[in-house]
Amino acid sequence: MEPQATSSGFLWAAAALLPGGWASDVRIEWRDGRIARVEADAQARGGEERVGVLLPGMPNLHSHAFQRGMAGLTEYRGPAADNFWSWRSLMYRFVGRMTPEDLEAVTTWAFVEMLEAGFTRVGEFHYVHHDPTGRPYADPAELTARVIAAAERTGIALTLLPVFYAQGGFGGAPANEGQKRFLHDVPRFARLLEASRRLVGKLPDALLGIAPHSLRAVTPGQLTELLPLAASGPVHMHAAEQTGEVEQCLAWSGARPVQWLLDHAPVDARWCLVHSTHLDDSEVARLARSGAVAGLCPITEANLGDGIFPATKFLAAGGRFGIGTDSNVSISVGDELRQLEYSQRLRDRARNVVEGAVPSTGRTLFDGALRGGSQALGIEAAQAGIVDGAPADFLSLNEKSPLLAERSGDALLDSFVFAGLRDAVDGVWRAGKKQVTGGRHHLREGTERAWRLTLARLLRE
Ligand SMILES: [Zn+2]
């Protein structure tokens with residue numbers, strides 16, 4: 001199956017979720033990949049594709065795509081208590097063997113799966129830069145180019161977030177052996193960023209930000225030097241994912257990670273603090289006020305045993321959030337949103353705890369993650385969703401799914417999030433091109449073959 005040859009076209013939906021809510025009989029027209037007209041109560045015209053329910057594509061604000069290759073390989077008990085840090089050592093061994101070709105094959109497959117899930121833009125927090133010995137490749141942007149090639153091939157919109165990583169721990173602790181493929185000093189990173197800017201410029205709507213990895217990996221002085229390099233692009237940083245990290249940060253600085261950033265860095269609406277799992281009440285209020293996005297990765301955070309983000313308090317304080325698939329142990333919009341809500345229910349022993357403008361929990365979660373995820377990936381608020389001028393990025397729900405029978409309006413989203421639909425997504429359009437039909441990306445076969453060959457090489461040898 002080939003995608004449509006042109007990125008101009010029309011689509012008619014019996015129901016569509018627009019920024020103002022549900023609308024019926026919606027006709028959407030796009031040109032050069034961007035929505036040119038959205039008309040409700042419109043007649044379908046002959047020859048136009050018709051769908052039942054249309055949703056805006058969801059941004060995936062935090063991914064390390066290559067980690068998809070490790071999904072399911074770290075779910076067994078070791079000799080000692082297992083936690084994030086034991087997972088990380090396996091990740092370091094896996095990444096230690098990857099060639100540029102491997103990285104491209106695994107990333108391409110992960111992007112195919114993201115599109116099939118209804119994620120139409122990915123924030124790739126890309127931190128593997130050098131060869132397995134830790135030396136830069138002849139082209140220092142070799143691996144960056146591989147990520148960009150994967151985005152170009154699959155059609156997913158890319159917000160590239162090249163990662164700056166320099167230390168092994170708080171206070172300038174030296175990096176360890178497993179981290180040698182990640183390391184830069186600021187001048188070399190600036191050159192990588194320049195090369196990335198040129199490469200990203202070749203994709204029609206790709207964007208570039210920066211990602212100082214975390215306060216573990218970046219000193220305050222480096223952070224100050226790095227921020228001007230972001231120009232007006234997004235700034236993403238891991239913060240407060242584990243209690244161990246909070247304790248180390250307190251020992252180093254007397255402040256908690258998010259508190260330290262709010263005190264010392266110009267955290268505002270351009271920023272995304274990834275995880276922000278461990279916040280005290282003052283950090284909740286201040287982070288919400290800053291306008292920054294909390295980059296929640298509920299499945300990965302549950303998988304790694306990180307802790308529970310205070311979503312109810314954060315949303316009540318007006319905080320913004322988006323979702324990311326992070327380690328890519330699972331790639332699903334519904335799973336991420338459901339895990340976010342269930343973590344709160346389990347903690348509070350209550351139901352439907354995330355409050356929004358509408359009673360529907362599924363809709364509150366979907367709308368919030370769409371808005372916050374778009375902001376975090378550099379999309380203007382006016383262009384988040386199915387609206388004039390926005391990229392023609394949307395998905396149609398599978399009307400044949402038995403679990404969508406007799407649902408309409410917000411009940412569709414509640415079912416999408418909570419009913420565990422395996423076959424929820426039917427079509428996915430990206431910049432007006434239909435990349436996914438009947439739940440399958442048009443490149444699925446070839447990219448799956450390359451993925452299998454790559455894993456055989458990486459895991460058997
Ligand atoms: Zn991450």
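Two strands are said to pair if DSSP finds at least two bridges between them. I begin with that definition because the word "partner" will recur in this presentation, and it rests on such bridges. The model before you is a predicted one.

Let me apply the definition at once. Strand S10, residues 235–239, and strand S11 run in the parallel sense and are paired over five bridges. Within that pairing, Met237 has Leu273 of S11 as its bridge partner. On S11 there is a further pairing, with strand S12, residues 293–296, again parallel, over three bridges. Here Leu273 stands opposite Ala294 of S12. Leu273 is thus a residue to locate on your screens, with Met237 as a bridge partner and Ala294 opposite. How many of the five residues of S11 are buried? Five of the five, at positions 271–275, are buried, so this strand is largely enclosed by the rest of the structure.

I turn now to the protein as a whole. Its secondary structure comprises 14 helices and 17 strands. A compact globule of 461 residues would have a radius of gyration near 23 Å, and the value for this protein, 21 Å, agrees with that. Along the principal axes, the C-alpha atoms occupy a box of roughly 65 × 50 × 45 Å. Of the 461 residues, 59% count as buried. The exposed surface amounts to about 18,400 Å², and carbon and sulfur atoms supply 50% of it. As for charge, there are 48 positive and 54 negative charges, and their mean positions lie 2 Å apart. Finally, consider the contacts between residues at least 6 apart in sequence: 74% of them join residues at least 24 apart.

The next topic is the open sheet. This sheet has eight strands with mixed pairing, in the order S3-S2-S1-S4-S14-S15-S16-S17. Its edge strands are S3, residues 34–39, and S17, residues 440–441, each of which pairs on one side only. Following the order inward, we reach strand S1, residues 9–18, which runs parallel to strand S4, residues 49–56, with five bridges joining them. One of the positions to inspect is Ala13, whose bridge partner in S4 is Val51.

S4 also pairs with S14, in this case in the antiparallel sense, over three bridges. There, Leu54 has Ser396 of S14 as its bridge partner. S14 in turn pairs with strand S15, residues 425–430, in the antiparallel sense over four bridges, and Ser396 stands opposite Gly427 of S15. Which residues of S14 point one way, and which the other? Phe394 and Ser396 point one way from this strand, residues 394–397, while Leu395 and Leu397 point the other way; all are buried.

I move to a helical residue, Met114, found in helix H2, residues 100–117. Met114 counts as buried because its relative accessibility is 0%, and the cut-off for that term is under 20% relative accessible area. Leaving aside residues up to four places away in sequence, Met114 touches Asn60, Ser63, Phe119, Val122, Ile156, Thr325, Asn328 and Ile331. For a sense of distance, Met114 and Leu337 are 223 residues apart in sequence, and their C-alpha atoms are 15 Å apart in space.

One of those contacts, Asn328, deserves attention for its backbone. Most residues other than glycine have a negative phi. Asn328 is not a glycine, yet its phi is positive, about 60°. This residue sits in the loop between strand S13, 320–323, and helix H11, 333–348. Asn328 is buried, with a relative accessible area of 0%.

A second asparagine also has a positive phi: Asn352, at about 45°. It lies in the loop between H11 and helix H12, 361–376. Is Asn352 buried or exposed? Its relative accessible area is 39%, so Asn352 is partly exposed.

My last residue is Asp306, in the loop between helix H9, 298–303, and helix H10, 311–316. With a relative accessible area of 5%, Asp306 is buried. Its C-alpha atom is separated by 36 Å from that of Gly438, which is 132 residues away along the chain.

How values were computed. Residues numbered from 1 in each chain as written. Predicted model: local features only at pLDDT ≥ 70, side-chain atom pairs only at ≥ 80, totals over all residues. Heavy atoms only, no water. Helix = DSSP H or I, 4+ residues; strand = E, 2+ residues; numbered from the N terminus. Rg over C-alpha atoms; globule rule 2.2 N^0.38 Å. Buried < 20%, exposed > 50% of the residue type's maximum accessible area, 1.4 Å probe, protein only. Contact = heavy atoms within 4.5 Å. Areas by Shrake-Rupley, 256 points an atom, 1.4 Å probe, with all protein chains shown as cover. Lys, Arg positive; Asp, Glu negative; His and termini not counted. Charge placed at Lys NZ, Arg CZ, Asp CG, Glu CD.
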